[in-house]
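Open the model in a viewer and keep the selection panel at hand. The stops below say what to select next and what is there.

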Amino acid sequence: MKRLLTVSLFALSVSAFAESTPHWAYEGKGGPDNWGKLSDTFATCKTGKYQSPIDIRHPFDATLPPLTLDFHTAAEKLVNNGHTLLVTAGDEDEFRLDDTTFILRQYHFHTPSENRINGKSFPLEAHFVHASENGDIAVLAVMFETGPENSALTPLLERLPKEKNREVSIDKRFNLRPLFPDDLHYYRFSGSLTTPPCTEGLRWIVMKNTVTLSEKQLETFKQALEHSNNRPLQPLNGRVIVQ
Ligand SMILES: [Zn+2]
(Lines give C-alpha, C1' and ligand atoms only; values in the text may rest on other atoms or scores of the structure.)
Protein backbone atom coordinates (compact mmCIF):
# COMPACT_ATOMS: atom_id res chain seq x y z
CA MET A 1 0.00 0.00 0.00
CA LYS A 2 2.73 2.39 0.97
CA ARG A 3 4.60 1.65 -2.22
CA LEU A 4 1.50 2.35 -4.28
CA LEU A 5 0.99 5.63 -2.48
CA THR A 6 4.60 6.64 -2.99
CA VAL A 7 4.39 5.98 -6.69
CA SER A 8 1.12 7.82 -7.24
CA LEU A 9 2.10 10.82 -5.17
CA PHE A 10 5.45 10.96 -6.87
CA ALA A 11 3.65 11.13 -10.20
CA LEU A 12 1.40 13.87 -8.91
CA SER A 13 3.89 16.07 -7.15
CA VAL A 14 7.04 15.69 -9.14
CA SER A 15 5.37 15.52 -12.51
CA ALA A 16 7.82 18.09 -13.80
CA PHE A 17 10.27 15.23 -14.16
CA ALA A 18 8.14 13.25 -16.53
CA GLU A 19 9.22 13.77 -20.11
CA SER A 20 5.65 13.37 -21.35
CA THR A 21 4.52 16.31 -19.22
CA PRO A 22 4.07 19.42 -21.35
CA HIS A 23 6.45 22.23 -20.59
CA TRP A 24 4.97 24.79 -18.24
CA ALA A 25 6.51 27.85 -16.68
CA TYR A 26 5.83 30.94 -14.62
CA GLU A 27 6.13 33.38 -17.51
CA GLY A 28 5.71 33.52 -21.27
CA LYS A 29 3.70 31.11 -23.41
CA GLY A 30 3.85 28.35 -20.82
CA GLY A 31 2.83 30.74 -18.04
CA PRO A 32 -0.04 30.42 -15.53
CA ASP A 33 -2.67 32.05 -17.79
CA ASN A 34 -2.11 29.29 -20.33
CA TRP A 35 -1.59 26.24 -18.10
CA GLY A 36 -5.13 24.97 -18.72
CA LYS A 37 -4.56 25.07 -22.49
CA LEU A 38 -1.19 23.30 -22.56
CA SER A 39 -2.64 19.82 -22.13
CA ASP A 40 -5.94 18.06 -21.50
CA THR A 41 -4.43 16.77 -18.29
CA PHE A 42 -3.98 20.40 -17.15
CA ALA A 43 -7.61 21.39 -17.88
CA THR A 44 -8.47 21.82 -14.19
CA CYS A 45 -6.05 24.77 -14.06
CA LYS A 46 -8.62 26.61 -16.20
CA THR A 47 -11.95 24.97 -15.33
CA GLY A 48 -11.42 24.33 -11.61
CA LYS A 49 -13.54 26.30 -9.15
CA TYR A 50 -11.50 25.63 -6.01
CA GLN A 51 -8.04 26.62 -7.09
CA SER A 52 -5.01 27.72 -5.09
CA PRO A 53 -3.42 30.01 -4.08
CA ILE A 54 -5.89 32.43 -2.47
CA ASP A 55 -5.93 35.63 -0.49
CA ILE A 56 -6.95 34.56 3.03
CA ARG A 57 -9.55 37.03 4.32
CA HIS A 58 -12.56 37.00 6.66
CA PRO A 59 -11.98 33.56 8.19
CA PHE A 60 -14.91 31.94 9.99
CA ASP A 61 -14.03 31.46 13.63
CA ALA A 62 -14.38 27.75 14.41
CA THR A 63 -11.92 27.95 17.33
CA LEU A 64 -9.67 25.32 15.74
CA PRO A 65 -7.06 24.09 18.22
CA PRO A 66 -3.40 24.45 17.24
CA LEU A 67 -2.04 21.68 15.02
CA THR A 68 -0.22 18.83 16.72
CA LEU A 69 2.96 18.10 14.81
CA ASP A 70 5.57 15.53 15.69
CA PHE A 71 8.87 16.87 14.42
CA HIS A 72 11.70 14.70 13.19
CA THR A 73 14.45 14.68 10.68
CA ALA A 74 12.85 14.43 7.32
CA ALA A 75 15.19 15.24 4.49
CA GLU A 76 16.43 12.66 2.05
CA LYS A 77 17.08 14.29 -1.30
CA LEU A 78 17.12 17.83 -2.63
CA VAL A 79 16.54 18.82 -6.23
CA ASN A 80 16.14 22.05 -8.19
CA ASN A 81 13.60 20.92 -10.79
CA GLY A 82 13.46 24.30 -12.52
CA HIS A 83 10.10 25.08 -10.90
CA THR A 84 11.09 24.90 -7.24
CA LEU A 85 13.62 23.60 -4.75
CA LEU A 86 12.12 20.33 -3.59
CA VAL A 87 13.12 18.09 -0.70
CA THR A 88 11.84 14.53 -0.60
CA ALA A 89 11.18 13.32 2.91
CA GLY A 90 11.34 9.99 4.70
CA ASP A 91 8.29 8.53 6.39
CA GLU A 92 9.06 10.02 9.78
CA ASP A 93 6.87 13.11 10.03
CA GLU A 94 3.12 13.04 10.25
CA PHE A 95 0.10 14.74 11.74
CA ARG A 96 -3.55 13.86 12.39
CA LEU A 97 -6.42 15.71 10.75
CA ASP A 98 -10.02 14.57 10.32
CA ASP A 99 -9.13 11.31 12.09
CA THR A 100 -6.64 10.58 9.34
CA THR A 101 -2.86 10.32 9.50
CA PHE A 102 -1.03 12.42 6.93
CA ILE A 103 2.61 11.58 6.24
CA LEU A 104 5.10 14.15 4.96
CA ARG A 105 6.27 13.19 1.47
CA GLN A 106 8.05 16.29 0.21
CA TYR A 107 8.41 19.98 0.84
CA HIS A 108 9.34 22.84 -1.45
CA PHE A 109 9.49 26.62 -1.62
CA HIS A 110 7.89 29.54 -3.44
CA THR A 111 9.23 33.08 -3.66
CA PRO A 112 7.38 35.33 -3.23
CA SER A 113 4.57 33.60 -1.33
CA GLU A 114 1.63 32.14 -3.28
CA ASN A 115 -1.11 32.51 -0.66
CA ARG A 116 -1.58 35.91 0.92
CA ILE A 117 -2.96 36.78 4.33
CA ASN A 118 -5.25 39.83 4.30
CA GLY A 119 -3.61 40.88 1.07
CA LYS A 120 -0.11 40.62 2.47
CA SER A 121 2.52 38.82 0.41
CA PHE A 122 5.57 37.25 2.07
CA PRO A 123 9.07 36.83 0.61
CA LEU A 124 8.97 33.02 0.91
CA GLU A 125 6.36 30.30 1.47
CA ALA A 126 7.13 26.66 2.24
CA HIS A 127 4.70 23.90 1.28
CA PHE A 128 4.88 20.65 3.23
CA VAL A 129 3.00 18.12 1.10
CA HIS A 130 1.47 15.27 3.10
CA ALA A 131 -0.53 12.26 1.93
CA SER A 132 -2.81 9.84 3.72
CA GLU A 133 -2.79 6.12 3.11
CA ASN A 134 -5.68 6.40 0.65
CA GLY A 135 -4.02 9.20 -1.28
CA ASP A 136 -5.69 12.31 0.16
CA ILE A 137 -3.34 15.27 0.18
CA ALA A 138 -2.88 17.92 2.84
CA VAL A 139 -0.49 20.84 2.37
CA LEU A 140 0.90 22.68 5.39
CA ALA A 141 2.04 26.14 4.37
CA VAL A 142 4.38 28.38 6.34
CA MET A 143 5.13 32.01 5.56
CA PHE A 144 8.63 33.41 6.01
CA GLU A 145 9.67 36.98 6.79
CA THR A 146 13.22 38.27 6.67
CA GLY A 147 15.04 38.49 10.00
CA PRO A 148 17.32 36.10 11.87
CA GLU A 149 18.80 33.21 9.91
CA ASN A 150 16.76 29.98 9.90
CA SER A 151 18.98 27.13 11.09
CA ALA A 152 16.88 24.44 9.38
CA LEU A 153 17.43 26.02 5.96
CA THR A 154 21.20 26.03 6.31
CA PRO A 155 21.78 22.30 5.63
CA LEU A 156 19.61 22.61 2.51
CA LEU A 157 21.11 25.81 1.13
CA GLU A 158 24.65 24.51 1.72
CA ARG A 159 23.91 21.53 -0.52
CA LEU A 160 22.11 23.26 -3.38
CA PRO A 161 22.89 21.38 -6.59
CA LYS A 162 24.35 23.58 -9.33
CA GLU A 163 22.55 21.78 -12.16
CA LYS A 164 18.81 21.49 -12.56
CA ASN A 165 17.16 18.09 -12.05
CA ARG A 166 20.19 16.65 -10.29
CA GLU A 167 19.23 15.12 -6.96
CA VAL A 168 21.65 15.44 -4.09
CA SER A 169 21.44 13.44 -0.89
CA ILE A 170 20.99 15.28 2.35
CA ASP A 171 23.52 13.40 4.41
CA LYS A 172 22.91 15.43 7.53
CA ARG A 173 20.00 14.84 9.89
CA PHE A 174 18.35 17.98 11.14
CA ASN A 175 15.11 18.91 12.84
CA LEU A 176 12.36 20.59 10.87
CA ARG A 177 11.00 22.44 13.92
CA PRO A 178 12.63 25.83 13.02
CA LEU A 179 10.63 25.79 9.77
CA PHE A 180 7.41 26.11 11.81
CA PRO A 181 6.26 28.93 14.09
CA ASP A 182 6.04 28.31 17.85
CA ASP A 183 2.29 28.92 17.76
CA LEU A 184 0.68 26.35 15.45
CA HIS A 185 -2.75 27.97 14.99
CA TYR A 186 -3.80 27.96 11.36
CA TYR A 187 -6.28 28.84 8.62
CA ARG A 188 -7.92 25.95 6.83
CA PHE A 189 -9.67 25.73 3.46
CA SER A 190 -10.08 23.50 0.44
CA GLY A 191 -7.90 24.10 -2.61
CA SER A 192 -5.69 22.65 -5.30
CA LEU A 193 -2.13 21.99 -6.33
CA THR A 194 -0.67 25.37 -7.32
CA THR A 195 1.15 23.81 -10.28
CA PRO A 196 -0.18 21.78 -13.22
CA PRO A 197 -2.24 19.61 -13.21
CA CYS A 198 -3.89 21.87 -10.53
CA THR A 199 -5.68 18.87 -8.99
CA GLU A 200 -8.43 19.87 -6.53
CA GLY A 201 -9.64 18.36 -3.27
CA LEU A 202 -6.53 19.23 -1.28
CA ARG A 203 -6.74 20.19 2.39
CA TRP A 204 -4.84 23.44 2.88
CA ILE A 205 -3.50 24.39 6.29
CA VAL A 206 -1.78 27.80 6.37
CA MET A 207 0.02 28.74 9.56
CA LYS A 208 -1.13 32.10 10.95
CA ASN A 209 2.28 32.92 12.34
CA THR A 210 5.51 33.32 10.46
CA VAL A 211 9.10 32.19 10.81
CA THR A 212 12.19 34.02 9.60
CA LEU A 213 15.05 33.54 7.20
CA SER A 214 17.95 35.92 6.67
CA GLU A 215 18.23 38.29 3.69
CA LYS A 216 21.23 36.24 2.61
CA GLN A 217 19.25 32.98 2.72
CA LEU A 218 16.44 34.58 0.72
CA GLU A 219 18.97 35.77 -1.86
CA THR A 220 20.32 32.21 -2.17
CA PHE A 221 16.78 30.94 -2.88
CA LYS A 222 16.20 33.64 -5.50
CA GLN A 223 19.47 32.98 -7.27
CA ALA A 224 18.83 29.23 -7.38
CA LEU A 225 15.29 29.64 -8.73
CA GLU A 226 16.26 32.42 -11.20
CA HIS A 227 12.64 33.64 -11.38
CA SER A 228 9.53 34.09 -9.23
CA ASN A 229 7.64 30.84 -8.80
CA ASN A 230 4.29 31.93 -7.43
CA ARG A 231 1.05 31.23 -9.25
CA PRO A 232 -1.26 34.30 -9.26
CA LEU A 233 -4.15 34.45 -6.76
CA GLN A 234 -7.26 32.45 -7.67
CA PRO A 235 -10.91 33.36 -6.94
CA LEU A 236 -12.44 32.02 -3.73
CA ASN A 237 -15.77 31.11 -5.42
CA GLY A 238 -17.68 30.86 -2.18
CA ARG A 239 -15.21 28.73 -0.28
CA VAL A 240 -15.14 29.14 3.48
CA ILE A 241 -11.89 29.71 5.34
CA VAL A 242 -11.94 28.57 8.97
CA GLN A 243 -9.58 29.34 11.80
ZN1 LIG B 1 3.91 24.59 -3.63
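A salt bridge here is a side-chain nitrogen of Lys or Arg within 4 Å of a carboxyl oxygen of Asp or Glu. By this rule the count comes to eight. This is a predicted model, in which local features need pLDDT of at least 70 and side-chain atom pairs count only at pLDDT 80 or more, while totals for chains, interfaces and linings use all residues. Residues are numbered from 1 along each chain as its sequence is written, and side-chain values use heavy atoms, with hydrogens and water left out.

**Salt bridges**

Select D55 and R57. Their closest N and O atoms are 2.7 Å apart, and the two form a salt bridge. Burial is graded by relative accessible area (buried under 20%, exposed over 50%, partly exposed in between; 1.4 Å probe, protein chains only). D55 is buried at 18%, whereas R57 is partly exposed at 39%.

Next, select E163 and R166, a salt bridge with its closest N and O atoms 2.6 Å apart. E163 is partly exposed at 40%, and R166 is partly exposed at 38%.

Then take E158 and R159, where the closest N and O atoms of the salt bridge are 3.7 Å apart. E158 is exposed, with a relative accessible area of 58%, and R159 is partly exposed at 22%.

Finally, show D98, D136, R188 and R203 together: salt bridges link these residues in a network.

**The zinc site**

Which protein atoms are the donors of the zinc ion? They are NE2 of H108, NE2 of H110 and ND1 of H127, lying 2.0 to 2.1 Å from the ion. Donors are N, O and S atoms within 2.8 Å of the metal (3.2 Å for Na, K and Ca); water is not among the atoms, so sites may look incomplete. Along the chain the spacing of the donors is H-x1-H-x16-H. H108 belongs to strand 6 (residues 100-110) and H127 to strand 8 (residues 124-131), so this pair ties together parts that are 19 residues apart in sequence. Both H108 and H127 are buried. Strands (E, at least two residues) and helices (H or I, at least four) are DSSP runs numbered from the N terminus.

**The disulfide**

Select C45 and C198, which are joined by a disulfide with an S to S distance of 2.1 Å. A search of the whole structure finds one such pair, the criterion being cysteine sulfur atoms within 2.5 Å. The S-S torsion is about 90°, so the disulfide is right-handed. C45 sits in helix 3 (residues 44-47) and C198 in the loop between strand 11 (186-192) and strand 12 (200-207), 153 residues apart. C45 is buried at 10%, and C198 is buried at 0%.

**Strands 3, 4 and 10**

Show strand 3 (residues 77-80) with strand 4 (residues 85-88): they pair antiparallel over four bridges. Pairing requires at least two DSSP bridges between the strands. Four residues separate the two strands of this hairpin, and G82 in the turn has a positive phi of about 90°. Now add strand 10 (residues 168-169), which runs antiparallel to strand 3 and is joined to strand 3 by two bridges. L78 has V87 as its bridge partner in strand 4 and V168 in strand 10.

**Q217**

End at Q217 in helix 5 (residues 215-225). Q217 is buried, at 5% relative accessible area. Beyond neighbours within four places in sequence, Q217 contacts E149, N150, L153, T154 and L157, where contact means heavy atoms within 4.5 Å. A polar atom of the Q217 side chain lies 2.9 Å from the backbone nitrogen of N150.

Notes. A polar contact is a pair of N or O atoms within 3.5 Å; within protein, one must be able to donate a hydrogen and the other to accept it, and residues adjacent in sequence count only if both atoms are side-chain atoms.
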